[in-house]
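Here are my notes for your next look at the model. Please read them with the structure open.

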Amino acid sequence: MNHLDLNADAPQQMLAGHDTAASNGLSHARQTPAVAAELGPEALLGLWLRALLSFFDLSNHPLTETDHADLSKRDFVNEVRIARAVLWDCSRLAFKLANVESKEDNLFDDEQASLGSFALAEETGAANAGGADQSLWQLAETFGNFCLLCEELLTAGAVRFHAWASMGKMLARELDISEAAKHYIRSTTQGTNTSLQPQLISLARDAITQRPFMTDLPIIFSRLGQMLEWLAIVDSYLRRDVPLKQTLPIFTLINQETRELRRFIENRALRIEELEAAVCDVLDGTNYALAMELRKVFSRELTGLSALRHPPAIYAKVETAHGILRDSFQQSIVALAQPYNPSLDGAFLFSAYQNRKHQSLKLRHELWMLLQLIQQAEKERDQHPLVRLLERLVVFQEGSLRYLMYKDWEACERFIEEVGAARGAVELSPVLHRFAAFVETLFGQVSMRAVLADSPFDFPTLEK
């Protein structure tokens, strides 16, 4: 019920339709979401149901090899807290859809509000509702029961693997027999509910009968677009005063769906006879890039997120993972479209793409020039290169530093402070050496950003 539905009708279906940040001082400017359209309550409930099912499958989690080897010893108490939070929001969505809660109620109110909704449901005689309404009430009651189960597990102390896995199986069974749950999940897996750009729809419509791959291209577009839509939900969390750990189930769903999409490309799209060599190369490169970015996010960036308690660290992990996946999916769409329409570029398809590219180009250039100045100051050890370096650092700190990922801000600012505070060559030399290694690493990371894939670097030299 929760797997990627890559059916043969998908192209025609697509063509037929057109822990907190602000409260912790993390109020720096955010970029525009990749997909502007907000999901309605029906689509949002379907998304959270699929996300919950993926969350109970540990193959989708950002776990290290050591974590996988010690699952029997692992305490899943943090995962239970996240599941409880998502279940509460699902209950609120279910009551909203059943017209118990007013349209003005906020989905991010505290848990007691949801408990009050359950009481209100009983008082209003929800059990007398019939048909689809009855199934929706039963689904809301299921959410309430699982919230109480989470409370019991948390009260008991440590949550071992058996308890966690058993709860996941129970939830999957309950959702599988719920007509309402199946309806909302099915609405997110059949065809597409993504607001794809008219240019992509037109591209597929005009060429779908001309080339063999074009029957599969709309499917790939729609899946990448749908995951961008989910990432827009994560972006909205980053820009609002809401707990960020609750986005982890969305990330596990994206992990599951991206791996399924990669299998589709490998086992179907790349096996099409008479596939143009250029398209085959793009498909192969896209598949490889998706694998690399997925590994980066789930083997490094998101590991340990569920156990973190420090809000800035949580924010940094979620922001970095969101940015990597968003840029990767957007770049994949652009790369797949260009063999058929070379005039299409990221800036034309995604409103924030050109801005991110401009920022990344500027950041890459400034990091390279900084690295040259640091190495020159370390080598020559006289006041002239150090003065130039200090002047450049002030400009960088007040400008392009904000284009780095948030997780790198603190370390970069600390190095800048150390360079400014160092007295004499004895203090300065080791600081410059470490700073050079840090900036070189940042330069390499920025150079690998997806928006710079078609922008080779010319490695400029310092002016004398």
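1. W48 contacts. In this predicted model, W48 touches V86, C90, L93, Y237, Q246 and I250, leaving aside neighbours within four places in sequence. The C-alpha atoms of W48 and C90 sit 7.0 Å apart, although 42 residues separate the two in sequence. W48 belongs to helix α2, residues 41-55. Its relative accessibility is 2%, so W48 counts as buried.

2. Rings around W164. The structure holds 15 aromatic pairs. One of them joins F55 and W164 edge-to-face, with centres 5.5 Å apart and planes at 85°. This pair bridges distant parts of the chain: F55 is in helix α2, W164 is in helix α7 (residues 161-176), and their positions lie 109 residues apart. F55 and W164 are both buried. F56 also pairs with W164, but here the rings are stacked, at 4.3 Å centre to centre and 25° between the planes. W164 has a relative accessibility of 0% and therefore counts as buried. F56, at 13%, is buried too.

3. The ring cluster. Which residues do ring pairs link into a cluster? They are F55, F56, F76, F161 and W164. A charged side chain joins the picture at F76: R74 lies over the face of that ring, 5.5 Å from its centre.

4. The nonpolar core. The largest nonpolar core has 138 residues, and L389 and L404 touch the most other members. Helix α10 (residues 217-238) gives the most to this core, 13 residues. Not counting residues up to four places away in sequence, L404 touches L363, L367, F396, W409, C412, L442, V446 and R449. In soluble globular proteins, nonpolar side chains tend to be buried together.

5. Helix α13. This helix runs over residues 311-337, 27 in number. From first C-alpha to last, α13 reaches 39 Å, close to the 39 Å expected at 1.5 Å a residue. Of its 27 residues, 24 are buried, so α13 is largely enclosed by the rest of the structure.

6. Cysteines. How many disulfides does a search of the whole structure find? Zero. Take C147: the closest cysteine sulfur is in C150, 6.3 Å away, which is too far for a bond. The cut-off for a disulfide is 2.5 Å between sulfur atoms. C147 is buried, with a relative accessible area of 0%. C280 is partly exposed, with a relative accessible area of 28%.

Conventions:
Residues numbered from 1 in each chain as written. Predicted model: local features only at pLDDT ≥ 70, side-chain atom pairs only at ≥ 80, totals over all residues. Heavy atoms only, no water. Buried < 20%, exposed > 50% of the residue type's maximum accessible area, 1.4 Å probe, protein only. Helix = DSSP H or I, 4+ residues; strand = E, 2+ residues; numbered from the N terminus. Contact = heavy atoms within 4.5 Å. Core = buried A, V, L, I, M, F, W, Y, C linked by side-chain atoms within 4.5 Å. Expected span 1.5 Å × (residues − 1). Phe/Tyr/Trp six-rings, centres within 6.5 Å; stacked < 30°, edge-to-face > 60°. Lys NZ or Arg CZ within 6 Å of the ring centre and 35° of its normal.
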